[in-house]
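Colleague: Could you take me through one part of this model closely, and then follow the chain outward from there? I'd like one connected account, with the reasoning spelled out where there is some.

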Amino acid sequence: MEKGWTLIRGGQVVRGGTVSRQDVLFQGERIAAIGELSDSRAAVVIDADGLLVLPGAVDTHVHLNDVFMGTVSVHDYYTGTRAAAYGGVTSIVDFSNQVPGGALARTLEDKREEASGMALVDWGVHPVITEPNQATLDQIPYVVAAGAPTIKCYMTYREDGLLTEDEDLKKIAVHLGEAGGMLMLHAEDNDMIEENVPRLIEQGKTAPIYHARSKPPEVETEAIRRIVGMAEETGARFFVVHLASADGLDLITGARERGLRITAETCTHYLIFTDEMLEREDGIKWICSPPLRDAETQDRLWMALGDDRIAMVSSDDAAYSWEAKLLGVDRFDRCPNGIPGIEPRFHLLYSEGVAKGRLTLPRFVEIVSTAPANLFGLAPRKGSLAVGADADIILFDPEARWTMGGDTLHMATDWSAYEDIEMVGRILKVFSRGELIVDGEECMAEKGRGRYIHRTLLDPRHAAG
Ligand code: MN
Ligand code: MN
């Protein structure tokens, strides 16, 4: 089925670190040409004068249908990808936990079932290993070959059955490295947390702020110190998810300077909120792990994003209902950790990053689209505007002013952590594989149109080994 030609004319196009006025032509699902194309005829011509033309955003850290701390996230493959689409996200990669007694390969089958007939945008899977036995290790090459070369493990959440010990992490990293993959780690030291939580509870310190006190930066730094050791010992490739500590950042920066293969992301909420939110009466909204930090840490995260010590930003969307969050109202340790954020990431990072002068426009595109696509093997089809790439395109008005709040967002949660935030810049249209899926306030994407993304990591250093 041929969908004809569309020409986006005269917009400011961001490509490979530069911004210039160009036309973008696409036919069917792929970009056909970029440049001065005023002679080309297209059935649909969109005037983008004064607008930015950007690659669709890529969010490689979301938890759809996630069963955690006695509840399940309300973002499924329909509601989650619908909110994503409104936020300019045309590709997601979701975590799939290995179920007790289940084969690792089942993590992919489970998500295929959840996405079938539901997903509006393209999606991939990170398997999460919870049972690091020989059978699991043996299946690593299989999941990598099936397009899921990035596997995640947790260094905490022992009581939720998620923790993996360092000796097993090293084995997984080596197997994964041999297969051409990368190990993602949730870096928090479990022993420190298991010591802090009961002590605080016993002292009657049960309010939301004590969640952050139970997981001070040292909890994260200690886990990152161990990851650096594992990278040294194995030579394997590691990715630290949701980095939120200044000392952890310094450890990773130092390790990278020594040639170790460790990359890190941070998440939207660490750049927007500080731990002051946890002091509010409705502080449970901001309980997440690692916890929100102080303003100084936040400044350092922004700086590190600017100069590529932190490679990218993901949402860590974990959308629990208000009823579920209330489990923690009198006991911080019972609150499901997570903030719904699949939709606002792109807008917030533009407004707080580019409009406030913390990020250049090309760097913004890199951290929301290009770097996640490259690091997680969605490139070259995703993450940048290039001939032959998927026509995943955002038309963006950089001058629009509006106020973000629960009433402007489309996430499935019945509450919002993002309220009354003055915004600069707004998405006008979103195309996914050439199809207009969001036009202003309207989402036209058909349920189930989203496709599985078969990912392959590109790393010249791996080819040599
Ligand atoms: Mn995590
Ligand atoms: Mn997460």
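**A close look around one tryptophan**

Modeller: Tryptophan 322 sits in helix α11, which covers residues 322–325. Please keep in mind that this is a predicted model. Tryptophan 322 has 25% relative accessibility, so it counts as partly exposed; the buried class would need a value under 20%. Setting aside neighbours within four places in sequence, tryptophan 322 touches Ile284, Lys285, Asp414 and Trp415. There is also a C-alpha distance to go with this: tryptophan 322 and serine 416 are 94 residues apart along the chain, yet their C-alpha atoms are separated by 9.3 Å.

One of those partners, lysine 285, is a good place to go next. Lysine 285 belongs to the loop between α9 (268–272) and α10 (295–306). Is this lysine buried or exposed? Its relative accessibility is 15%, and lysine 285 therefore counts as buried. The side chain of lysine 285 makes a polar contact of 3.0 Å with the side chain of aspartate 282. Beyond four places in sequence, lysine 285 is in contact with Trp322, Lys325, Gly338, Ile339, Trp415 and Ser416. Trp415 thus appears among the contacts of lysine 285 and among those of tryptophan 322.

The loop that holds lysine 285 leads into α10, and that helix can be checked for length. Its 12 residues should span 16 Å at 1.5 Å a residue, and the end C-alpha atoms are 17 Å apart, which agrees. In α10, the buried residues are Thr297, Gln298, Leu301, Trp302, Ala304 and Leu305. These cover an arc of only 165° around the axis, so they lie on the same side of α10. The general reason for such a pattern is that an α-helix has 3.6 residues a turn, so residues three or four places apart point the same way. Glu296 and Met303 are exposed, on the face of α10 turned away from the buried side. The cover over the buried residues of α10 includes α8, β14 (262–267), α9, β15 (312–314), α12 (345–354) and α13 (361–375). Just after α10, aspartate 308 adopts a positive phi of about 75°.

Further along the chain comes a metal donor. The manganese ion (ligand 2) is coordinated by Asp316 (OD), together with His61 (NE2) and His63 (NE2), at 2.1 to 2.2 Å. Written as a sequence spacing, the donor residues of this manganese ion (ligand 2) read H-x1-H-x252-D. Histidine 61 has 0% relative accessibility and so counts as buried; histidine 63, at 5%, is likewise counted as buried. Strand β6 spans residues 57–62, and six of its six residues are buried. β6 runs parallel to strand β9 (residues 89–97), with four bridges joining them. Across that pairing, valine 58 stands opposite serine 91 in β9.

The manganese ion (ligand 1) is 3.4 Å from the manganese ion (ligand 2). Which residues hold the manganese ion (ligand 1)? His186 (ND1) and His242 (NE2) coordinate it, at 2.2 to 2.3 Å. This pair links distant parts of the chain: histidine 186 is in strand β12 (residues 182–186), while histidine 242, 56 residues apart from it, is in the loop between β13 (238–240) and α8 (246–257). Histidine 186 and histidine 242 are buried.

After β12, the chain reaches helix α5. Aspartate 189 caps the N-terminal end of α5, with a side-chain oxygen 3.3 Å from the backbone nitrogen of aspartate 191. For the 13 residues of α5 (residues 190–202), 1.5 Å a residue predicts a span of 18 Å; the end C-alpha atoms are 19 Å apart, which agrees. Asn190, Ile193, Asn196, Val197, Leu200 and Ile201 are the buried ones in α5. Their arc around the axis is only 125°, which puts them on the same side of α5. On the other side of α5, Asp191, Glu195 and Glu202 are exposed. The packing partners of the buried residues of α5 are α6 (209–214) and α7 (217–234). Just after α5, glycine 204 has a positive phi of about 80°.

Note on methods. Residues are numbered from 1 along each chain as its sequence is written. Chains are lettered from A and ligands numbered from 1 in the order in which they are written. This is a predicted model: local features need pLDDT of at least 70, side-chain atom pairs count only at pLDDT 80 or more; totals for chains, interfaces and linings use all residues. Side-chain values use heavy atoms; hydrogens and water are left out. Helices (H or I, at least four residues) and strands (E, at least two) are DSSP runs, numbered from the N terminus. Buried means under 20% relative accessible area, exposed over 50%, partly exposed in between (1.4 Å probe, protein chains only). A polar contact is a pair of N or O atoms within 3.5 Å; within protein, one must be able to donate a hydrogen and the other to accept it, and residues adjacent in sequence count only if both atoms are side-chain atoms. Contact means heavy atoms within 4.5 Å. The expected span of a helix is 1.5 Å times one less than its number of residues. The arc is that of the directions from the helix axis to the C-beta atoms. Donors are N, O and S atoms within 2.8 Å of the metal (3.2 Å for Na, K and Ca); water is not among the atoms, so sites may look incomplete. Two strands pair if DSSP finds at least two bridges between them.
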